[in-house]
Amino acid sequence: MNKDKKGDKLAAQVATYLIGVAAALAAAGVMLGLLGKNVAEGYSLLLTASFGSATNLSLFTIKFVPLLLMSLAFAIPLTLKKYNVGNEGQFLLGAVGAVTVAFMLSSLPALAAIPLLLIASAAFGAFWALFPALMLYKFRVNEIVSTILMNFISFYLVLYVATGPWRDPFAGHPETQAIPSAFDLPVLLTNPAINLGLVIAVLAPLASYYYIFRSVQGFELRASGANERAALVFGVNSNLLAPMSLVIGGAIAGLAGGMEVAGLQLRLVDGMQSNYAALSIIIALIAYGNPLGVIVSAIFITVIELGGSAMNAVMGVPVELVYVIEALLLLFILMANVFERRRR
Amino acid sequence: MPAEELVRMTGIAKRFGDVLALDHVDFGITGGKVHALLGENGAGKTTLMNVLYGLYRADEGRVEIKGKEMAIRTPRDALRHRIAMVHQHFRLVSNFTSFENILLGTGRGLKFEARAQREKVESIAREYGLSVDLDAKVKALPVGAQQRVEILKVLARDPLVLILDEPTSSLTPQEADVLLGAIKKLAMNGLGVVFITHKVREVMSIADEITVLNGGRVAGRLQVSESGEKRLVELMMGGRGAPPLLQAGPTPARTSAAQGEPALVLTSVSVGSGKGASAVEEVDLAVRHGEILGVAGVSGNGQRELAEAIMCVRRAGSGSIKLDGIELTRLNTKQVISMGVGYIPEDRMGDGILPSMTIAENIVLGREHSPSFSDRFALNRKAMGAAALRGVEDYNIKTTSVEAHAGVLSGGNVQKILIARAFLTQCKFLVAHNPTRGLDIAATDHVLRSLVKQKEGGAGVLLISEDLDELMAVSDRICVLFKGQVMGVVEAGSYDKYEIGAMMAGKKKEASAS
Ligand SMILES: Nc1ncnc2c1ncn2[C@@H]1O[C@H](COP(=O)(O)OP(=O)(O)OP(=O)(O)O)[C@@H](O)[C@H]1O
Ligand SMILES: [Mg+2]
């Protein structure tokens with residue numbers, strides 16, 4: 001009976017999501033129609049852009065991996081209602097950490113180089129979250145404000161490194177030279193192109209889920225998020241846990257940045273953070289911070305992103321439409337949830 | 001004046017998932033009468049009233065107002081029909097003043113008629129003896145005053161039907177008497193009042209008619225004039241259990257052999273209140289193992305600060321607090337709990353429950369680190385579930401599963417979670433602050449018996465309560481707090497309500513008395 005009930009709940013939850021998704025897709029169709037485009041072609045592009053061919057599948061993983069990790073970086077502090085909007089800066093610091101290790105220790109063999117690069121990028125990301133974490137711990141400075149400020153600093157730090165001694169003088173854009181090939185993420189498959197990054201990205205949400213829902217510390221994070229005062233009264237030290245969750249988030253975002261360097265760009269590029277941060281917030285919120293839910297919503301948002309670019313390239317649909325669809329999706333899913341709760 | 005039937009509810013059914021919370025209930029409210037709605041925790045009292053107030057929609061049944069069928073879909077609809085409700089748990093904005101809270105939701109368009117409202121509220125407060133400081137922030141008010149704000153807030157809307165869901169459970173008996181007087185007066189002015197309570201005394205003193213719910217069904221309906229107190233207790237207990245401890249009168253004097261080793265020793269402890277002045281001043285107290293020390297006093301006289309200082313939730317400003325010789329003031333809450341100290345906080349919704357987490361998780365909160373529920377890193381969910389199931393069975397928590405969210409439980413069942421949490425294991429020491437608040441008669445009795453059992457198992461117990469009957473029933477000694485100071489300590493066997501009452505009002509105990 002217990003199992004059944006859980007199943008029912010899950011079914012109801014999935015149903016609300018499907019309703020939200022359907023509504024957003026329907027709205028997208030209507031807008032395509034109003035723009036005088038072929039609606040059916042738009043819908044089919046939405047799918048084929050991600051899964052239509054091996055190349056497309058490669059494109060999908062390229063986008064999916066950083067989005068997934070960035071979403072986890074946002075989701076873990078979200079467990080106790082902290083908003084790590086600094087994952088963008090932490091991502092960039094992870095990238096800076098990756099190139100730093102690669103250029104400073106350029107003679108290392110691959111076996112040592114890759115773990116070192118991953119560790120360095122996570123450490124740099126964590127370090128970037130450490131300032132806001134300390135300010136939260138010592139002075140209760142709101143983490144949204146402090147992490148956004150850290151983002152701004154990180155943009156300039158990237159410019160500084162990308163135009164410093166490692167810069168690529170022939171690129172028409174601030175970026176470094178390519179890192180030594182020993183530091184490139186090992187390729188596991190060539191067509192579709194899949195490297196170690198995907199494996200890490202798939203393990204990360206499972207590990208995060210285990211951490212949040214099965215570990216003692218995760219229990220305390222959730223308790224703090226559910227009722228901070230009650231948690232405190234029963235010995236949960238939220239004052240320490242909250243900053244710590246930011247640092248963990250920072251490490252994951254940093255890892256994403258490092259993997260973006262070692263797996264895709266092979267160098268530090270100004271602007272490489274793309275729109276990952278904004279999308280990661282949407283992804284994490286849609287999933288209510290649940291790491292397993294994040295997998296699904298990250299797949300979904302990636303599909304829409306790629307589908308949108310394809311519609312833009314093939315059908316001349318304005319890219320803004322993609323943003324509208326993403327926003328509507330978030331809105332509809334949140335609304336569907338509110339209605340689900342009202343219906344009693 | 002012929003009594004007019006204001007509300008008639010017929011065949012009301014309401015289901016939450018697998019739970020049939022209301023099973024075709026009929027209920028009526030008559031103008032000028034007080035209708036007591038009784039029943040055990042989780043019987044469906046709050047749910048029935050939430051249906052009338054438009055918070056829940058009934059699955060079946062009809063509601064008539066003055067003989068006409070009406071659909072009440074939202075509290076706004078209810079207010080339009082002049083039905084107002086004071087909820088079991090406060091719904092005040094703690095950063096607003098009392099008056100701002102009262103004003104909330106009364107505005108038309110963008111405009112508040114603040115001045116006119118103020119006069120009105122002041123005159124209502126005067127008429128019914130519900131005095132509160134209208135300009136104080138709600139969070140600075142003691143619970144009793146907050147309860148009065150809630151009541152003024154609904155009275156300011158000129159209700160015809162007034163629903164009071166356990167309004168007295170957070171009041172001292174004196175405050176409750178004032179409120180009961182006000183309710184009587186409201187009924188005399190023609191209002192129909194629904195009054196939910198677990199206290200027999202209150203029912204006998206103001207109710208006209210009584211409906212008893214049991215498991216979502218009407219178990220009995222009677223007029224107070226035709227029922228004796230004994231029959232009422234039987235009905236409220238659902239016909240089971242031995243006569244409650246409370247009815248057995250005060251604890252007898254102890255033999256000196258029962259004296260154990262000192263457990264908790266407080267030496268000139270002062271605790272700040274966060275508002276500058278100290279809430280607890282230079283308190284010296286000692287509680288022995290195998291002893292229940294009752295702490296009497298009107299709420300807001302430092303009880304909460306004292307409890308929180310022992311638990312290290314709040315820092316004692318000065319003095320020493322020792323448990324079995326170990327100084328607690330240098331520890332943190334987690335360390336205090338792992339020494340074997342159980343805590344039942346006063347404010348169950350604020351300080352106690354994690355509404356979005358499961359019952360099992362709620363019951364082990366505070367002991368998640370202990371080896372019985374986890375290894376170093378991972379939770380042992382099986383052990384958690386088993387312990388929670390024991391708690392649910394022991395304390396008769398009404399739920400379909402230990403994996404259900406604690407937030408959907410009835411008020412009394414939430415309280416039982418806190419109890420189950422504290423009694424998870426035999427404690428070395430227990431701090432219980434109003435542990436029976438909101439519990440039905442059977443559950444209250446069970447909790448008091450559990451306190452005694454903990455004591456017999458060797459625990460020292462600090463029982464803080466505003467209910468003298470309860471204190472006298474189980475305490476070996478009672479100490480009285482007034483403005484953060486100990487007015488005196490009375491031994492079992494020589495309890496005298498008037499003496500204790502005088503100390504609660506600030507009169508120091510004469511040294512010669514014992
Ligand atoms: N929102 C909800 N979702 C699921 N179950 C609920 C909900 N509200 C109430 N219930 C269930 O309905 C039953 C009746 O609850 P209700 O709050 O009406 O009890 P009550 O008589 O007011 O008890 P108490 O004296 O403890 O306040 C309980 O078993 C409770 O768990
Ligand atoms: Mg109730």
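Helices (H or I, at least four residues) and strands (E, at least two) are taken as DSSP runs, numbered from the N terminus. The structure is a predicted model, in which local features need pLDDT of at least 70 and side-chain atom pairs count only at pLDDT 80 or more, while totals for chains, interfaces and linings use all residues. Residues are numbered from 1 along each chain as its sequence is written, chains are lettered from A and ligands numbered from 1 in the order in which they are written, and side-chain values use heavy atoms, with hydrogens and water left out.

A cavity is a set of points, on a 1 Å grid over the protein atoms alone, where a 1.4 Å probe fits but cannot get out, whereas a pocket is an open set with protein on both sides within 12 Å along at least five of seven lines; lining residues have an atom within 4 Å of a point. Grid points are joined across faces, edges and corners, and a volume is the space filled by probe spheres set on the points. Three cavities of 30 Å³ or more are present, and the largest has a volume of about 70 Å³. Its lining includes F234(A), M311(B), Y343(B) and R421(B), and strand β16(B) gives the most to it, with three residues.

The second largest pocket encloses about 1,200 Å³ of space; of the 42 residues that line this pocket, K139(B), L141(B), V143(B), Q146(B) and R304(B) are the closest to its centre. Helix α11(B) provides the largest share of that lining, four residues.

The magnesium ion (ligand 2) is coordinated at 1.9 to 2.3 Å by OG1 of T46(B) and OE1 of Q88(B), where donors are N, O and S atoms within 2.8 Å of the metal (3.2 Å for Na, K and Ca) and, water not being among the atoms, sites may look incomplete. Because T46(B) lies in helix α1 (residues 45–52) of chain B and Q88(B) in the loop between β6 (83–86) and α3 (98–103) of that chain, the pair ties together parts that are 42 residues apart in sequence. T46(B) is partly exposed, with a relative accessible area of 25%, whereas Q88(B) is buried, at 12% (buried means under 20%, exposed over 50%, partly exposed in between, with a 1.4 Å probe and protein chains only).

In the largest nonpolar core (buried Ala, Val, Leu, Ile, Met, Phe, Trp, Tyr and Cys residues joined through side-chain atoms within 4.5 Å), which has 188 residues, I500(B) is among those that touch the most other members.
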